[in-house]
Amino acid sequence: MIEGVHGQDDGVRIEARVRAQRMACPDCARGSDRVHSRYRRTLADAPIGAQTVVIQLRVRRFICDNASCARRTFVEQVPGLTSKHARRTGLLRRMLEAIGLALAGRAGARLAAVLGMPASRDSLLRLVRALPDPPVGEVEVLGVDDFAIRRCQTYGTVLVDILAHRPVDLIEERTSKVLSDWLGKHPGVRVICRDRSGAYAEGARTGAPEAIQVADRWHLWANLGEAVERTVLAHRACLDEPAPEPPEATPGNTADGQPARAEPDSTAPVAYGSASRLETRTRERHMAVTELRDQGYSLNAICRELGLAFRTVQRFARATNPEELLVAHRTRSHKLDRFKSYVHQRWNAGVTEATVLHAELIELGWTGSLRTVQHYLHRFRDPDRAPRAAPPAPDKTTPRRVASWIMTNPEHLSDGDQVRLKQVLARCPQLEATARHVACFAAMMGQRTGKEQLPAWLDAVSADELPALHSLVAGLRRDVDAVTNGLSLDYSSGQVEGNVNRIKMIKRQMFGRAKFDLLRKRVLLAH
């Protein structure tokens, strides 16, 4: 019963008491009307009009009359309003828990103060950590993937109930034993959606041997794209039109009557002294990586030995010769290539502010950032490096662009790109075969006919001279059951990838300062 409401400078104070004559003991449930004592209890409640609310509740302590009960006295509780030792009402606690799950510590404390229910960041985190884990329940279709706790150093595992559209667990490791143990504790999983990871494949076979494993189609398509790009890079000589042959000349003289010069031997090694510093370094690194790999070193061991990043060592190990790496660098295009002539002209005319040039480029169709323009103009601050007006750079036919054309649905290519792709394929039978295999794989993946067509597709690719695709086929054969299911069933890891992106968002929101237990609570409980 409310006895009074008083307005204060910092909010509202409500005085109340309980009117019930008898209360039941929480242990033995026997009712009692013998009052031991009375006292005032202060509770913070949900705000009213963004003003804080405090309830001063007069409560009684009762004596339990049951001689066999271990409890001698107990305090009356109001269902939905009070709980043992609580300084907040149930409603306010639930509101603060929701804020803590959504925003965590500092940001949540700022929002709570604005809404009229001040709480410290530590209080919010304690409330979140005290929440019980949601029940896992029966999981029939399980999605599994890894996520970075600390990128390139520590990784965990996220498990998602595909049918219920919710994450069911986060684990601080990504080994096969972790997945196997989890599956052993939660029987009933009949389908496991995963990427191409060998650890998860082994864990699924050990923990749920009767479950169907499904390889994710996005990862299969990404693996195919990497193999296609390596294939195009190996046949980069076919990308551009061959240079016209020079006119015939009389022996000893050129076509214009000048004495002929001896042609250099194309098989002679390139002198390192005449090469650029980048070319020299690329050749030396490729030689070092190849030698260590031939000696039996793993890629991680080569990284430690040479002090290089793993991706760099992987790229050098995949290249059959340094020329593949050098050509990839020489043919690399830049988003500003089409606009460089205009930028040079405007710079020489006195327009040197990046913001002005960026605005003008946007009107011409530029879609890049201001930072890119600033970075390109920085080199011209030196008077000795002022730009010269030049004709627009030709649109390069790079290996990456051709690979993207092959991997794209022809209906989604522009007319010009279709014509250029047909010209490239007409010059190179290997690339034409690659495009044909990609089209067959896309149809098989879209129509879910992997069970009927995958074996024939693997045999057809193996019959052609396409080493990069042969490597892909060997990997698919090792995991052929999961790959077949991925190309035949409608299950996918799309929801798992979405939860991985959500985990990244939560980590950025917490600035990477939260421990794993708080991250786990927010991922499992915040929806």
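These legends accompany close-up views of a predicted model.

**View 1. The largest pocket and the residues at its heart.** Welcome to the largest pocket, whose volume is about 2,000 Å³. Its lining is made up of 43 residues. Those that lie nearest the centre are D146, Y155, R174, D195 and R311.

**View 2. Elements that contribute to the pocket lining.** Here we follow the lining back to its helices and a strand. Strand β8 (141-150) supplies at least two residues, and so does each of the helices α5 (198-207), α6 (217-234), α9 (310-318), α18 (467-478) and α20 (494-509).

**View 3. The chemical make-up of the lining.** Sorted by class, the residues around the largest pocket include 17 that are charged. Alongside these, the lining has 14 nonpolar and 12 polar residues.

**View 4. The hairpin of β1 and β2.** Strands β1 (residues 2-8) and β2 run antiparallel and are joined by 6 bridges. Together they form a hairpin, with 2 residues between the strands. To find your way along this pairing, look for G4, whose bridge partner in β2 is E15.

**View 5. β2 beside β6.** Strand β2 also pairs with β6 (residues 51-63), this time in the parallel sense, over 7 bridges. A handy landmark is G11, which stands opposite T52 in β6.

**View 6. How β2 sits in the structure.** Strand β2 spans residues 11-17, and 6 of its 7 residues are buried, so the strand is largely enclosed by the rest of the structure. Buried here refers to a relative accessible area under 20%.

Terms used. Residues are numbered from 1 along each chain as its sequence is written. This is a predicted model: local features need pLDDT of at least 70, side-chain atom pairs count only at pLDDT 80 or more; totals for chains, interfaces and linings use all residues. Side-chain values use heavy atoms; hydrogens and water are left out. On a 1 Å grid over the protein atoms alone, a cavity is a set of points where a 1.4 Å probe fits but cannot get out, and a pocket is an open set with protein on both sides within 12 Å along at least five of seven lines; lining residues have an atom within 4 Å of a point. Grid points are joined across faces, edges and corners, and a volume is the space filled by probe spheres set on the points. Helices (H or I, at least four residues) and strands (E, at least two) are DSSP runs, numbered from the N terminus. Ala, Val, Leu, Ile, Met, Phe, Trp, Tyr, Cys and Pro count as nonpolar, Asp, Glu, Lys and Arg as charged, and the others, Gly among them, as polar. Buried means under 20% relative accessible area, exposed over 50%, partly exposed in between (1.4 Å probe, protein chains only). Two strands pair if DSSP finds at least two bridges between them.
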